[in-house]
Amino acid sequence: MDLDLKNKVAIITASSSGLGRGAAQSLLREGARVVINGRNKTKLQAALNELKQLSAGEIIAVPGDLTKKEDLKNLVQETINRFGQLDYLVTSAGGPPAGQFIDLTESDWYQAFDLLVMSVVRLVKYALPYLKESDQAAIVNITSTSVKEALPNLLLSNSVRMGVIGLMKTLANELAPQIRVNAVLPGSHETARIKELLNNEVENGQFKDYQAALVEKSRSIPLQRLGQPTEIGDLITFLLSPRAAYLTGETIVIDGGSTSSNL
Ligand SMILES: NC(=O)c1ccc[n+]([C@@H]2O[C@H](COP(=O)([O-])OP(=O)(O)OC[C@H]3O[C@@H](n4cnc5c(N)ncnc54)[C@H](OP(=O)(O)O)[C@@H]3O)[C@@H](O)[C@H]2O)c1
């Protein structure tokens, strides 16, 4: 299936690693032009070099912190300076800290809101004039299965990500019919973040090695494995493409079958 994405321009936030990087790889493969982002310039440059080796597609890297307004403005401006257009936004972010109610401070709540919700609000605001000029604009927000099922020890993810879903659903109405807006809800995917968590469990003596930790983590997943970042990347790429032209305001779970909610 031709996804008709050639030469379209996508900004993908938090994409020097993990799910965002997976989205960049999939979009490049379809001939889209891609802007990746992250705070650490060395890591971002390494991702840029790796992605250039994997694909002939055009890609640039714009460093910046999603919690800083000026960095988000600059991300949009650099995209326009280089490519002269903007068709797609894919929003990912770092993860908010884990913890239970008793552990979290008021400042943790505000920081999580800034990182997960306000980063999307601001990016959409700065990108909107350019998205409105595109003939097939679309936005995909990467969130988590925690918006379907509250996950243990992840109070901030369970609570604050709901704000992104409310925003997505409302924007899908307000920006229609020109701009489609959807969210993807990943379960466990084998990214740097998950690898670090599993390696910590190995160091704590919970597992003899990484492979044993991975097998245990996969046991409760019906498909018996974690997802790979390019698998969510492929879903995002489809959602952005005109092949998904009648899909907006949707939340789509990608978790190997682990979420037990009926809907
Ligand atoms: N992996 C999973 O299984 C999974 C499942 C459900 C939900 N999620 C959520 O999906 C998101 C991405 O997770 P991931 O697994 O892809 O993580 P990851 O592999 O650790 O990658 C996170 C990316 O975000 C960037 N980043 C973090 N904070 C940033 C900031 N303030 N401004 C700009 N870039 C920032 C990081 O680069 P720098 O550190 O250099 O900035 C990196 O490129 C997180 O919110 C996570 O909670 C992940």
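## Loops with notable backbone geometry

Between α5 (155–174) and β6 (180–186) runs a loop that contains Pro177. In this predicted model, the peptide bond leading from Ala176 into Pro177 is cis, its omega being near 0°.

Two further loop residues have a positive phi although neither is glycine. Ala14 belongs to the loop between β1 (9–12) and α1, and its phi is near 50°. Asn153 is placed in the loop between β5 (138–142) and α5; the phi of Asn153 is near 65°.

## The parallel sheet

The strands of the open sheet number seven, arranged in the order β3-β2-β1-β4-β5-β6-β7 with parallel pairing. The edge positions are taken by β3 (59–61) and β7 (251–254); each has a single partner strand, so one side of each has no neighbour in the sheet. From one strand to the next, the twist averages 20°.

At the β3 edge, the partner strand is β2 (residues 33–36), which runs parallel to β3 and is joined to it by three bridges. One of the paired residues is Ile36, whose bridge partner in β3 is Ala61.

## The shell around the ligand

The ligand is surrounded by 30 residues, of which Ser16, Arg39, Arg161, His189 and Thr191 come nearest. Sorted by class, this shell comprises 17 polar, eight nonpolar and five charged residues.

Two helices, α1 (18–29) and α6 (192–203), each contribute at least two residues to the shell. The greatest contribution comes from α6, with three residues. On the level of domains, residues of the shell are drawn both from domain 1 (9–188 + 228–254) and from domain 2 (190–226), so the ligand lies between the two.

## Polar contacts and coverage of the ligand

Oxygen atoms of the ligand have polar side-chain atoms of the protein as contacts. For Ser16, a polar side-chain atom is 2.6 Å from a ligand oxygen. For Arg39, the distance between an N or O atom of the side chain and a ligand oxygen is 2.7 Å. The backbone also takes part: a polar backbone atom of Leu66 lies 2.9 Å from a nitrogen atom of the ligand.

How much of the ligand's accessible area does the protein cover? On its own, the ligand has 880 Å² of accessible area, and the protein covers 91% of it.

Note on methods: Residues are numbered from 1 along each chain as its sequence is written. This is a predicted model: local features need pLDDT of at least 70, side-chain atom pairs count only at pLDDT 80 or more; totals for chains, interfaces and linings use all residues. Side-chain values use heavy atoms; hydrogens and water are left out. A residue is near a molecule or strand if one of its heavy atoms lies within 4 Å of it. A polar contact is a pair of N or O atoms within 3.5 Å; within protein, one must be able to donate a hydrogen and the other to accept it, and residues adjacent in sequence count only if both atoms are side-chain atoms. Accessible areas come from the Shrake-Rupley method with a 1.4 Å probe; for residues, only the protein chains shown count as cover. Helices (H or I, at least four residues) and strands (E, at least two) are DSSP runs, numbered from the N terminus. Ala, Val, Leu, Ile, Met, Phe, Trp, Tyr, Cys and Pro count as nonpolar, Asp, Glu, Lys and Arg as charged, and the others, Gly among them, as polar. Domain bounds come from an automatic or database domain assignment. Two strands pair if DSSP finds at least two bridges between them. Axes are lines fitted to C-alpha atoms, for helices over the stretch in contact, and angles run from 0 to 180 degrees between N-to-C directions.
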